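The exercises below work through one protein chain, from single charged pairs to the whole fold. Try each task with the structure open before reading its solution.

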Amino acid sequence: MAALTQSKKVDRVGTQAVSDKLSFPVAATTHIYNGALVFLNAGYATPATVATGRLAVGVAQAEVDNDPGAAGDLEVEVRPGIFAFENNGTNAVAQANVGSLCYAEDDQTVSTNATGRSAAGRVIRIEGTKIWVQVGVGLSLGDK
(Lines give C-alpha, C1' and ligand atoms only; values in the text may rest on other atoms or scores of the structure.)
Protein backbone atom coordinates (compact mmCIF):
# COMPACT_ATOMS: atom_id res chain seq x y z
CA MET A 1 0.00 0.00 0.00
CA ALA A 2 1.11 3.54 -0.66
CA ALA A 3 0.85 6.45 1.77
CA LEU A 4 -2.51 8.21 2.04
CA THR A 5 -3.35 10.87 -0.53
CA GLN A 6 -6.67 11.78 1.08
CA SER A 7 -8.44 11.40 4.41
CA LYS A 8 -9.99 8.06 5.36
CA LYS A 9 -12.01 6.53 8.18
CA VAL A 10 -10.07 4.06 10.34
CA ASP A 11 -11.88 1.39 12.35
CA ARG A 12 -11.19 1.39 16.09
CA VAL A 13 -12.08 -0.88 19.02
CA GLY A 14 -11.71 -0.64 22.77
CA THR A 15 -10.65 2.14 25.08
CA GLN A 16 -7.31 3.32 26.30
CA ALA A 17 -6.10 3.99 29.85
CA VAL A 18 -4.45 7.25 28.73
CA SER A 19 -6.35 10.28 27.48
CA ASP A 20 -8.80 9.49 24.67
CA LYS A 21 -7.55 12.46 22.64
CA LEU A 22 -4.13 14.09 22.54
CA SER A 23 -2.95 17.13 20.61
CA PHE A 24 0.54 17.67 19.20
CA PRO A 25 2.19 20.49 17.26
CA VAL A 26 2.71 19.60 13.59
CA ALA A 27 6.17 19.63 11.98
CA ALA A 28 7.01 22.33 9.45
CA THR A 29 5.71 21.88 5.89
CA THR A 30 3.81 18.74 6.88
CA HIS A 31 0.42 17.43 5.74
CA ILE A 32 -1.29 14.84 7.94
CA TYR A 33 -4.46 13.14 6.68
CA ASN A 34 -7.37 12.11 8.86
CA GLY A 35 -6.85 8.41 9.65
CA ALA A 36 -3.05 8.56 9.36
CA LEU A 37 -0.77 6.86 11.86
CA VAL A 38 1.04 9.76 13.56
CA PHE A 39 4.64 9.76 14.77
CA LEU A 40 6.47 12.28 16.91
CA ASN A 41 9.82 13.40 15.50
CA ALA A 42 11.76 15.75 17.78
CA GLY A 43 8.47 16.60 19.52
CA TYR A 44 6.51 17.42 16.33
CA ALA A 45 3.78 15.36 14.71
CA THR A 46 4.37 13.81 11.29
CA PRO A 47 2.64 11.07 9.31
CA ALA A 48 4.37 7.73 9.89
CA THR A 49 7.15 6.95 7.41
CA VAL A 50 10.10 4.59 7.14
CA ALA A 51 12.41 6.16 9.73
CA THR A 52 14.04 5.30 13.04
CA GLY A 53 13.75 7.10 16.36
CA ARG A 54 10.06 7.98 16.04
CA LEU A 55 7.27 7.46 18.60
CA ALA A 56 3.81 6.37 17.43
CA VAL A 57 1.26 8.43 19.38
CA GLY A 58 -2.06 7.57 17.72
CA VAL A 59 -4.24 8.07 14.65
CA ALA A 60 -5.08 11.56 13.33
CA GLN A 61 -8.68 12.60 13.99
CA ALA A 62 -8.71 15.38 11.38
CA GLU A 63 -6.75 16.42 8.33
CA VAL A 64 -4.14 19.10 9.08
CA ASP A 65 -2.16 20.83 6.32
CA ASN A 66 0.80 22.76 7.73
CA ASP A 67 2.40 23.17 4.29
CA PRO A 68 3.70 25.77 4.06
CA GLY A 69 4.04 26.49 7.72
CA ALA A 70 6.57 26.59 10.52
CA ALA A 71 6.87 23.84 13.10
CA GLY A 72 4.08 24.23 15.64
CA ASP A 73 1.95 26.65 13.60
CA LEU A 74 -0.86 24.05 13.69
CA GLU A 75 -1.76 21.12 15.94
CA VAL A 76 -3.19 17.72 15.14
CA GLU A 77 -5.56 15.80 17.40
CA VAL A 78 -4.79 12.09 17.68
CA ARG A 79 -6.39 9.14 19.44
CA PRO A 80 -4.42 6.32 20.99
CA GLY A 81 -6.07 2.90 20.89
CA ILE A 82 -6.44 -0.23 18.79
CA PHE A 83 -6.75 0.50 15.07
CA ALA A 84 -6.90 -1.48 11.84
CA PHE A 85 -3.98 -0.98 9.43
CA GLU A 86 -3.05 -2.43 6.06
CA ASN A 87 -0.59 -5.33 5.89
CA ASN A 88 2.62 -5.07 3.90
CA GLY A 89 2.80 -7.84 1.29
CA THR A 90 6.58 -8.31 1.37
CA ASN A 91 7.11 -8.45 5.14
CA ALA A 92 3.57 -9.36 6.12
CA VAL A 93 2.36 -9.54 9.69
CA ALA A 94 1.11 -13.09 10.39
CA GLN A 95 -0.80 -14.84 13.17
CA ALA A 96 2.53 -15.78 14.78
CA ASN A 97 3.21 -12.03 15.25
CA VAL A 98 0.19 -11.39 17.49
CA GLY A 99 1.55 -9.86 20.71
CA SER A 100 4.73 -8.63 18.99
CA LEU A 101 5.64 -5.23 17.66
CA CYS A 102 4.99 -4.26 14.08
CA TYR A 103 6.66 -1.44 12.20
CA ALA A 104 5.44 1.44 10.06
CA GLU A 105 5.91 1.25 6.31
CA ASP A 106 3.90 4.46 5.84
CA ASP A 107 0.96 6.19 7.54
CA GLN A 108 -1.47 3.30 6.95
CA THR A 109 0.68 0.17 6.44
CA VAL A 110 2.55 -2.05 8.92
CA SER A 111 5.04 -4.89 8.55
CA THR A 112 7.40 -7.14 10.48
CA ASN A 113 10.49 -5.41 9.01
CA ALA A 114 12.20 -3.48 11.83
CA THR A 115 15.22 -2.45 9.75
CA GLY A 116 15.28 1.34 9.48
CA ARG A 117 11.74 1.60 10.87
CA SER A 118 10.06 2.71 14.05
CA ALA A 119 7.48 0.62 15.88
CA ALA A 120 3.87 1.36 14.97
CA GLY A 121 2.64 -0.60 17.99
CA ARG A 122 1.76 -4.07 19.20
CA VAL A 123 -0.19 -6.53 17.03
CA ILE A 124 -3.46 -7.38 18.79
CA ARG A 125 -5.37 -9.32 16.17
CA ILE A 126 -5.37 -10.32 12.52
CA GLU A 127 -8.72 -10.18 10.78
CA GLY A 128 -8.58 -10.91 7.07
CA THR A 129 -6.31 -8.32 5.50
CA LYS A 130 -6.56 -5.95 8.48
CA ILE A 131 -3.90 -5.86 11.17
CA TRP A 132 -5.28 -4.56 14.49
CA VAL A 133 -2.52 -2.67 16.29
CA GLN A 134 -2.39 -1.05 19.74
CA VAL A 135 -0.95 2.41 19.19
CA GLY A 136 -0.25 5.29 21.52
CA VAL A 137 1.54 7.01 24.32
CA GLY A 138 1.93 4.78 27.35
CA LEU A 139 2.33 1.62 25.26
CA SER A 140 5.43 -0.32 26.25
CA LEU A 141 7.47 -0.81 23.09
CA GLY A 142 10.58 -2.15 24.82
CA ASP A 143 9.83 -5.85 24.27
CA LYS A 144 9.76 -7.63 20.97
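**Exercise 1. Classify Glu105 and Arg117 by burial, then describe how their side chains meet.**

Solution. The structure is a predicted model.

Step 1. Glu105 has a relative accessible area of 16%, so it counts as buried; the cut-off for buried is under 20%.

Step 2. Arg117 has a relative accessible area of 18% and is therefore buried too.

Step 3. The two side chains form a salt bridge, with an N to O distance of 2.8 Å.

Step 4. Glu105 sits in the loop between β10 (101–104) and β11 (109–111), while Arg117 sits in the loop between β11 and β12 (119–127), so the salt bridge ties together parts that are 12 residues apart in sequence.

**Exercise 2. Place Glu86 in the chain, decide whether it is buried or exposed, and find its salt-bridge partner.**

Solution.

Step 1. Glu86 belongs to strand β9, which covers residues 81–87.

Step 2. Its relative accessibility is 14%, which means that Glu86 counts as buried.

Step 3. Neighbours within four places in sequence are set aside. The contacts of Glu86 are then Met1, Lys8, Gln108, Thr109, Val110, Thr129 and Lys130.

Step 4. One of these contacts, Lys130, forms a salt bridge with Glu86, and the closest N and O atoms are 2.6 Å apart.

Step 5. Lys130 is in strand β13 (residues 130–135) and Glu86 in strand β9, so this pair links parts that are 44 residues apart in sequence.

Step 6. For Lys130 the relative accessible area is 28%, so Lys130 is partly exposed, whereas Glu86 is buried.

**Exercise 3. State how many salt bridges the whole structure holds, and analyse the one between Glu77 and Lys21.**

Solution.

Step 1. Searching the whole structure gives five salt bridges.

Step 2. In the salt bridge of Glu77 with Lys21, the closest N and O atoms are 3.7 Å apart. The pair qualifies because the limit is 4 Å between a side-chain nitrogen of Lys or Arg and a carboxyl oxygen of Asp or Glu.

Step 3. Glu77 is part of strand β8 (residues 75–79), and Lys21 is in the loop between β1 (12–13) and β2 (22–25), so the salt bridge ties together parts that are 56 residues apart in sequence.

Step 4. Glu77 counts as partly exposed because its relative accessibility is 34%. Lys21, with a relative accessible area of 41%, is also partly exposed.

**Exercise 4. Describe the secondary structure and overall dimensions of the protein chain.**

Solution.

Step 1. The protein chain has 13 strands and zero helices.

Step 2. A compact globule of 144 residues would have a radius of gyration near 15 Å; the protein chain has 14 Å, so the two agree.

Step 3. The C-alpha trace spans about 45 × 30 × 30 Å along its principal axes.

Step 4. Of the contacts with a separation of 6 or more, 58% are between residues 24 or more positions apart.

**Exercise 5. Summarise burial, surface and charge for the protein chain.**

Solution.

Step 1. Buried residues account for 46% of the 144 residues.

Step 2. The exposed area is about 6,700 Å², and 49% of it comes from carbon and sulfur atoms.

Step 3. There are 11 positive and 14 negative charges, and their mean positions lie 8 Å apart.

Notes: Residues numbered from 1 in each chain as written. Predicted model: local features only at pLDDT ≥ 70, side-chain atom pairs only at ≥ 80, totals over all residues. Heavy atoms only, no water. Helix = DSSP H or I, 4+ residues; strand = E, 2+ residues; numbered from the N terminus. Rg over C-alpha atoms; globule rule 2.2 N^0.38 Å. Buried < 20%, exposed > 50% of the residue type's maximum accessible area, 1.4 Å probe, protein only. Contact = heavy atoms within 4.5 Å. Areas by Shrake-Rupley, 256 points an atom, 1.4 Å probe, with all protein chains shown as cover. Lys, Arg positive; Asp, Glu negative; His and termini not counted. Charge placed at Lys NZ, Arg CZ, Asp CG, Glu CD.
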